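Dear colleague,

I am passing the structure on to you with this message, and my notes on what was found in it follow below. Please read them with the coordinates open beside you.

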Amino acid sequence: MAAVSLLLLLVASACPAAARYTADWTSLDARPLPSWYDEAKVGVFVHWGVFSVPGFGSEWFWWHWQGQRPPDPHCVAYMSENYPPGFGYPDFAPRFHAQFFDPEEWADVFKASGAKYVVLTSKHHEGFTNWGSPYSWNWNSVDNGPKRDLVKDLGDAVRSRSLHYGLYNSLYEWFNPLYLEDKKNGFKTQQFVMRKLLPELYNIVVRYRPEVIWSDGDWEAPDTYWNSTQFLAWLYNDSPVKDTIVTNDRWGQGTACKHGGFYNCQDKYTPGQLPKHKWEKCTSVDTLSWGYRRNMKLKELMDLPAIIDDLVSTVALGGNYLLNVGPTADGTIPCVFEERLRGVGAWLETNGEAIYTTKPWRVQMENGTVPVWYTSKGATVYAIITAKPPTTTLKLLIPQTSAATKVTLLGRPSSLPWAPVYPNAGLSILLPELPFTPGQAWTLKLDNVQ
């Protein structure tokens, strides 16, 4: 770690001293979020690792089987019925073959989804790294399992399609002896942080130059144990991605929804009203897991209308939408996940104007005969209808109109007839036959309204 500190000191001394962030939350929280992130709105999350091999329960399988007390009886039964006695979790790693992994094919699917950024798990709580980490001997994808650098291969393919690339990283590791020793010492020692965590974080930033660091696994210890503010100060001041990097808020006990770049607050966070700080909703097509499950059922998956409704409400409330899929251990994206992603992309192809680079409007939602969510872009307001109206007339009571107000349906060039509901306020719009869309949502573009 002394070598790492010396390297950081040399890098820092070579950079100008102006506009530097100090290693405290007051300074770090004042950093403006790079504009690309808010403009992007939609991302794809990918949970992939050794946990994809058992493919049972969730990506927390190892913990549920051998960590928690008492262990999950379903996980215990799954192992006893399907694997020989003495088979340990590390024995799954050689079976993480990824033999059908085609990063170009994955990137094509992600591009077709309409996503503007992709976030891959570089390391989950199991500690297995999806790149050849020099600090994770034989517990990484180059030495074991796939025998390839998954982080690099997917990153190259994603970036060749002009998508932003980010990396998820778990701060803690369930069974790492260094971490367990620090935990036993009440986190008064930092052997794990200095010898494993921080060297790996610097390694992935310098090697792969991600534009998102999606931190997780922070909740057992304070940010001072993780050295979070020191790492972020380096990231924002001196790293090769200092001008483009965005981070989330999972950097230690009590930092969620309070410190960092954008806020996740909690998994599948839904604020209900417009937050004051930029936020992101991460959610999964599989409602019961982030990683691949062999035993998932169709009724446990989000259907396309539910995803579109979730995406629209998130963006209307100022958030980004990060939709997760869990690939299989052999490196394929299950067809049902690909179908959902392509369905989102087909909807965005027509309606993306109301999503990308938009801002929340003064009113975010109107609930009349059907739910209507509002977004805005300059002098234009978009009214996104997330259910088919029962009649051909739709009333919007919130927008203030003028003689210059114009209404169109995205995907249909001609303007729609409308009449004011009140003097200079509200619109009664005569709708055409709404085209079929699997997402069951349509967008009205309102020009010259307030």
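To begin with a single residue, Thr229 is buried, since its relative accessible area comes to 8%, and a value under 20% counts as buried. Please bear in mind throughout that this is a predicted model. Thr229 has its place in helix α11, which covers residues 228-237. If residues up to four places away in sequence are not counted, Thr229 touches Ala23, Asp24, Trp25, Leu28 and Asp223. For one of these, Trp25, the separation along the chain is 204 residues, whereas the C-alpha atoms of Thr229 and Trp25 are separated by 6.9 Å.

A second part of the model that I looked at is the packing of two helices. Helix α12 (residues 304-316) packs against helix α13 (residues 335-351) at an angle of about 55°, and the two axes lie 10 Å apart. That angle makes α12 oblique to α13, and the crossing of the two helices is right-handed. On the α12 side the contact is made by Leu304, Ile307, Ile308, Leu311 and Val312, which meet Arg340, Gly343, Val344 and Trp347 in α13. Sorted by class, the residues of this contact comprise 7 nonpolar, 1 polar and 1 charged.

Helix α12 also leads on to a sheet, for it lies across β8, β9 and β10 (380-385), and it runs at about 50° to β9. The sheet in question is an open one of 6 strands, ordered β8-β9-β10-β16-β12-β13, and its pairing is antiparallel. Its edges are taken by β8 (359-367) and β13 (412-415), each of which has a single partner strand, so that one side of each is left without a neighbour in the sheet. From one strand to the next, the twist averages 20°. As for the pairing at the β8 edge, β8 is joined by 5 bridges to strand β9 (residues 371-377), the two running antiparallel, and Pro360 stands opposite Thr375 in β9.

There is also an open sheet of 3 strands, in the order β11-β15-β14, and here too the pairing is antiparallel. The strands at its edges are β11 (393-396) and β14 (418-422), and because each has a single partner strand, one side of each is left without a neighbour in the sheet. The twist in this sheet averages 25° from one strand to the next. Between β11 and β15, which run antiparallel, there are 4 bridges, and Leu396 has Leu427 in β15 as its bridge partner.

Which residue of strand β15 might you inspect in this sheet? I would point to Gly426, which lies in that strand (residues 425-430). Gly426 is buried, with a relative accessible area of 0%. Leaving aside its neighbours within four places in sequence, Gly426 is in contact with Leu396, Leu397, Pro399, Thr401, Ala419, Pro420 and Val421. As a further distance for orientation, Gly426 and Thr350 are 76 residues apart along the chain, and their C-alpha atoms are separated by 25 Å.

With kind regards

Note on methods
Residues numbered from 1 in each chain as written. Predicted model: local features only at pLDDT ≥ 70, side-chain atom pairs only at ≥ 80, totals over all residues. Heavy atoms only, no water. Axes fitted to C-alpha atoms, helices over the stretch in contact; angles between N-to-C directions. Parallel < 35°, antiparallel > 145°, perpendicular 65-115°, else oblique. Left-handed = near helix turned anticlockwise from the far one by under 90°. Contact = heavy atoms within 4.5 Å. Nonpolar A, V, L, I, M, F, W, Y, C, P; charged D, E, K, R; others polar. Pairing = 2+ DSSP bridges. Buried < 20%, exposed > 50% of the residue type's maximum accessible area, 1.4 Å probe, protein only.
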